[in-house]
Amino acid sequence: MRFIFRPPAEHAAGLLSLPWEKPLEEWDDERLLEVAHRGISRHVVRFVEADGHVYALKEIDERLARREYRLLGRLESMGMPAVSVLGVCVERPPAAGDTADTPQDAVLVTRFLDYSMSYRYVFSHGHTQRPTLQLIDAMVELLVRLHLAGLFWGDCSLSNTLFRPDAGSIAAYLVDAETAELHPTLSPGQRSFDIDYAAERVGGELFDLQAGGLLPDDVDPVEIAAELPRRYHALWDELTREELLRPDEQRYRVAARVDRINELGFDVDEIELTTTDAGVRLRVRTQVAETGRHRNKLYALTGLEVTENQARRLLNDLTSYRGYLEQKEGRAVPETVAGHRWRAEVYDRVMARIPEELADRMAPAEVFHEILEHRWFLSERAGKDVGTTAAAKSYIDAILRHTPSTLTLPGGDPLPR
């Protein structure tokens, strides 16, 4: 057998003692986990915990495993929303008792995407008020971002996507890249294939949910499937279309276009202005990596590492707290000082109230966001601001305590964090 691991390779040390010589479905090890949020896979997939980290192991043809290992590594280096690959085990010997003496398939090892869910789990557990449209919007944004990066997916579906709560919305991540290809750019035909295939697969998956009684009665799988291409083309056009500007409107039109792209959750990588006889032609190159302006600002002010949407929400609360401090103290409070004080006096105090046994329910920043939403709801009902502390206590008791655990041990007990 041979193991190939990406840095930091020390993360793989705890995996080396697993029974790699056996078929994955026959493994019996105390480190194996059950993941309630997992999706359906056509391959054998198992989850293990080693040295405080959780990994997904997928048994797959060695040629495909090596290819997916390289591709996922490239996507990660580009900052794309996809699962992170750790390594691959190849050249596995034939399984014991295999009279054909056929080498076993390889095992691809990826890092478990914390707090992620399959589309079936989102519907079956009523995670969101509008799961259908939120999932479609998340998938459209993922597909557009991948296409801008030159990735032809070839197998785009809800089943091959993981979803994670993101400050009131849902973020989508590519989890299966067996058929994907990375090119400098994609042709309209390649993009069209992905879009049409995605619509077909999504329609079928929604019909499957409908048959299982998981789809809301007012949701038509055919309409939703048709909505995906429409939303994709609308977003693609917003991000990539060329505009013809008059010289006197150039400044504000460029600024407006950049602001609009930022509102959609993307950043501008390059702006090209070309003077023609008809006017100034504006071409915008959109950054393909996940945006990070708000995330970077929050990290600089507080040291917190969160998603972009979560950072935007937390920064709003930080700004509000800064205004409260200035009014209370009668002086200007520098943003950096407000950031440190908000972290110590608000965020950390709220997070300290989360019982240890509930720490794996959602990402900390997502919990804080939900507490802020809960505070608004309680304040509206009470006709006054109830405060973050009271909102946190109410949220923990009424909502978080009833949120299922992400990971469980084979015996059914939550995984210690």
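In helix α5, which spans residues 221-240, Glu 227 and Arg 231 sit 4 residues apart, a separation of about one helical turn. In this predicted model, the two side chains meet in a salt bridge, with 2.9 Å from N to O. Neither partner is tucked away under the 20% cut-off for burial: Glu 227 comes out as partly exposed at 21% relative accessibility, and Arg 231 is likewise partly exposed, at 25%.

That pair is a local affair within one helix, but there is plenty more of the kind, as a search of the whole structure turns up 36 salt bridges. Take Glu 178 and Lys 58, whose closest N and O atoms are 3.1 Å apart. Here Glu 178 belongs to the loop between β9 (169-174) and β10 (181-182), while Lys 58 belongs to strand β4 (residues 53-60), so the bridge ties together parts that lie 120 residues apart in sequence. Both ends of this one are out of the way: Glu 178 is buried, with a relative accessible area of 7%, and Lys 58 is buried too, at 9%.

A further bridge joins Arg 401 to Glu 357, with 3.9 Å between the closest N and O atoms. This one runs from loop to loop. Arg 401 lies between α11 (388-398) and β14 (407-408), and Glu 357 between α9 (335-351) and α10 (364-382), so the pair ties together parts 44 residues apart in sequence. Arg 401 is partly exposed, with a relative accessible area of 37%, and Glu 357 also counts as partly exposed, at 48%. Charged residues team up in a bigger group as well: Glu 238, Arg 241, Glu 243, Arg 253, Arg 257, Arg 260 and Glu 263 are linked in a network of salt bridges.

Next come the helices α10 and α11. His 369 is part of α10 and is buried, with just 5% relative accessible area. Setting aside neighbours within four places in sequence, His 369 is in contact with Ala 167, Gly 168 and Arg 313. In α11, the buried residues are Thr 388, Ala 391, Ala 392, Tyr 395 and Ile 396. These cover an arc of only 130° around the axis, which puts them on the same side of α11. What they pack against is α9 and α10.

As for the nonpolar interior, the largest core has 64 residues, and Leu 72 and Leu 174 are the ones with the most contacts inside it. Helix α3 (residues 131-148) supplies the largest share of this core, with 9 residues. Leu 174 shows how well connected such a position can be: leaving out neighbours within four places in sequence, Leu 174 is in contact with Leu 72, Leu 75, Pro 81, Ala 82, Val 83, Leu 142, Leu 146, Leu 151, Trp 153 and Asn 160. The two residues with the most contacts in the core, Leu 72 and Leu 174, are thus in contact with each other. Apart from this core lies another, made up of 31 residues, among them Leu 325, Val 346, Val 350 and Met 362.

Terms used
Residues are numbered from 1 along each chain as its sequence is written. This is a predicted model: local features need pLDDT of at least 70, side-chain atom pairs count only at pLDDT 80 or more; totals for chains, interfaces and linings use all residues. Side-chain values use heavy atoms; hydrogens and water are left out. A salt bridge is a side-chain nitrogen of Lys or Arg within 4 Å of a carboxyl oxygen of Asp or Glu. Helices (H or I, at least four residues) and strands (E, at least two) are DSSP runs, numbered from the N terminus. Buried means under 20% relative accessible area, exposed over 50%, partly exposed in between (1.4 Å probe, protein chains only). Contact means heavy atoms within 4.5 Å. The arc is that of the directions from the helix axis to the C-beta atoms. A nonpolar core is a set of buried Ala, Val, Leu, Ile, Met, Phe, Trp, Tyr and Cys residues joined through side-chain atoms within 4.5 Å.
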